[in-house]
Amino acid sequence: MTDSQAAARFAPCHQRVFHVAVAGNPNCGKTTLFNALTGLRHKVGNYPGVTVEKREANLFGDSPIRLLDLPGIYSLSARSPDEAISQDILLGRAADTPRPDAVLLVADATALERNLFLASQIIELGLPTVLACNMMDLLKQAGHQLDLDKLSSRLGVPVIPTIGPRGQGMNAVRESLEAACLSDAPSPPRRRAWTLSESAEREVRQIAALVRERGYADERSADGAALLLLSEDSKAGDGDPEAPLRLAVHEAQERLARECGEDVTFELTARRYAWLREIVDDCLNRSVEQKRSMNDRIDQVLTHRVWGKLCFALVMGALFYGVFALAEPLMGYIQEGIGWLQNQITAKVSPGLLRDLLRDGVVAGVGAVVAFFPQICILFLFLALLEDSGYMARAAFLMNRLMSRVGLHGKSFIPLLSSHACAIPGILAARTIENPRDRLTTILVAPLMSCSARLPVYTLLIAAALPLGATAKAGVMFTMYGLGIVTAFVVARVLKGTLLRGPARASSLNCRPTGSRTCDRCSG
Amino acid sequence: MRMGCLPLASAQLGQDLRIRSVKTYEACHTQRLRELGLLEGRTVRLLSNHDPMICQVGECRFGLCRRIANGVLVEPLAPLHSRIA
């Protein structure tokens, strides 16, 4: 369909903007797909009150569809801010975000079962839904075959194969979304295709009725909302407007626990997974030959206790060397340019306050900052390369052990590394850490890392104070960096042991194959 | 603990293991693990037993810190003859 045809189809209702939420697991290629569908004209902000990034952009072409990127989550049960925000938006309960007209689900075809867990929770909320099965190329590489038509009929939603980085399937996604938004007649509420035990079903019906009654969710999403409520921790906080609902859910959970002797959340998860496994077995033709892929072998080295750390040290060494060696000539040019500008000012402006202000204040001051621009650019280029190659996930994995010793998360590694260029983007990158205590600790210690603006100070001091050879100077410089890192770790340890003490937490890092170009970007 | 059950953290590499129970210190982690697919009755395989450990359930791989992995009890699927030796 051409853009003009699409525009013509939308002509009668062109004033209306359709909102489509994009949801999926972390690292399922959602961001790549979002970028391919929107062409990088994003509006980025925060959801009110929480550090959860909110990204919005229009669908490519002349489309009245506005895409809203939801945070990457594994489940819709609200246990973290990311999940709570996603659930609120999909139920139309978010303060400043309208309920979406449709949902685009992104699923990683190579980990279909886990991705369908979230997908099925969202489908049950009754919004028109389109499922984009992403990473179809990797699935094919592994020798598996997926019957998309069967998957579509089992789930009751259109399924579209996509390959995010190559932009494949984007037109089909757009057409499906437009069709989903334009269908005036709402399809009858779908029956949930899997069932719980009789007593649990009875409780779900009761909660669903209460949910409808209280206006917590509409008729179409009541069943799905009731399932989510039952799988959550039902303790209502002070001033929770839904306290009566939470109380009813809590009573239902207690009743079921007494009756079945088993946590209802377990039954919900187990029954849903049993159903999903049956679907995946039905639709996915697995290759018999379980070949040990090249990725596995590379992974074995990169995450090895000794070789992995060696590789890591080499990569980091190359990165720092690259940053300094490549940036030096560029910095030289910039400094020359600044010098030229200062000479021009000296020649053109008569001596006095104005000349001093311009030459020694504005040009010298701004120039001192601009001179670091090449270093920061090159560092970010390297970070982007590391992320897109999938190495960053391995590095975070390797670092998790060290980081957890000082009470940080593996994900703190990227913010702390970025802080070597500049603490500000480093602090920005800390938003990807889910646990607020870990996030705050990372933010507090990030400025202790030696940022590139300290580099000339170090250079100057070393040159002035230590009459040494080049190698020894480099060694002292290395020690300065090391000192910053050690101090940061000590402070983190102390903070986590005192002010920011918290219960032990789970860490699950998700590894995508190395070399896949579809790693979700997690630095700011 | 049932006979033959052991924490995932001390299981053998590369062996197919059935998950018998998932009970971590905090209830929310238990539920999180189950939602990720580490669910009672499923088959899991350990790919690396450093900290964090890597395990595979179905087509999905996870990195899991040892403390959490200790809350997952598993039993070997096929009795290993080599073990007796």
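Read along the sequence, chain B of this predicted model follows the pattern β-β-α-β-β-β-α-β, and its secondary structure comes to 2 helices and 6 strands. Of the 85 residues in chain B, 42% are buried. Among the contacts in chain B with a separation of 6 or more, residues 24 or more positions apart account for 56%.

Within that pattern, strand 5 of chain B (residues 60-64) is a well-covered element: 5 of its 5 residues are buried, so the strand is largely enclosed by the rest of the structure. In a regular strand the side chains alternate between the two faces of the sheet. For strand 5 of chain B both faces are covered, with B:Cys60, B:Phe62 and B:Leu64 buried on one side and B:Arg61 and B:Gly63 buried on the other. The partner considered here is strand 4 of chain B (residues 53-57), which runs antiparallel to strand 5 of chain B and is joined to it by 5 bridges. Within this pairing, B:Ile54 stands opposite B:Gly63. The two strands form a hairpin with 2 residues between them, and in this hairpin B:Gly58 takes a positive phi near 60°.

Chain A offers a helical counterpart in helix 9 (residues 222-230), which is mostly covered, 9 of its 9 residues being buried. The buried residues run from A:Ala222, A:Asp223 and A:Gly224 through A:Ala225 and A:Ala226 to A:Leu227, A:Leu228, A:Leu229 and A:Leu230. The helices of chain A against which these buried residues pack are listed below.

| Helix of chain A packed against by helix 9 | Residues |
|---|---|
| Helix 3 | 81-90 |
| Helix 4 | 112-123 |
| Helix 8 | 198-213 |
| Helix 10 | 243-260 |
| Helix 11 | 264-283 |

For one of these neighbours, helix 8 of chain A, the geometry can be described further: its axis and that of helix 9 of chain A come within 8 Å and cross at roughly 110°. That angle makes helix 8 of chain A roughly perpendicular to helix 9 of chain A, and the crossing of the two helices is right-handed. On the side of helix 8 of chain A, the residues that meet helix 9 of chain A are A:Val204, A:Ile207, A:Ala208, A:Val211 and A:Arg212, while helix 9 of chain A contributes A:Ala222, A:Asp223, A:Ala225, A:Ala226, A:Leu227, A:Leu229 and A:Leu230. The residues of this contact divide into 10 nonpolar, no polar and 2 charged.

Turning to the interface between the chains, 29 residues of chain A are in contact with 27 residues of chain B. On the side of chain A that touches chain B, helix 4, helix 11, helix 16 (391-405) and strand 10 (508-509) each supply at least two residues, and helix 11 of chain A gives the most, with 5 residues. The residues of that side of chain A divide into 13 nonpolar, 10 polar and 6 charged.

A last local site is A:Gly482, which has its place in helix 21 of chain A (residues 470-497). Is A:Gly482 buried or exposed? With 11 other C-beta atoms within 10 Å, A:Gly482 is exposed, because a residue counts as exposed if 12 or fewer such atoms lie within that distance. The C-alpha atoms of A:Gly482 and A:Met449 are separated by 8.8 Å, the two residues being 33 residues apart along the chain.

Key: Residues numbered from 1 in each chain as written. Chains lettered and ligands numbered in written order. Predicted model: local features only at pLDDT ≥ 70, side-chain atom pairs only at ≥ 80, totals over all residues. Buried ≥ 20, exposed ≤ 12 C-beta atoms within 10 Å, placed from the backbone. Helix = DSSP H or I, 4+ residues; strand = E, 2+ residues; numbered from the N terminus. Pairing = 2+ DSSP bridges. Contact = placed C-beta atoms within 7 Å. Axes fitted to C-alpha atoms, helices over the stretch in contact; angles between N-to-C directions. Parallel < 35°, antiparallel > 145°, perpendicular 65-115°, else oblique. Left-handed = near helix turned anticlockwise from the far one by under 90°. Nonpolar A, V, L, I, M, F, W, Y, C, P; charged D, E, K, R; others polar.
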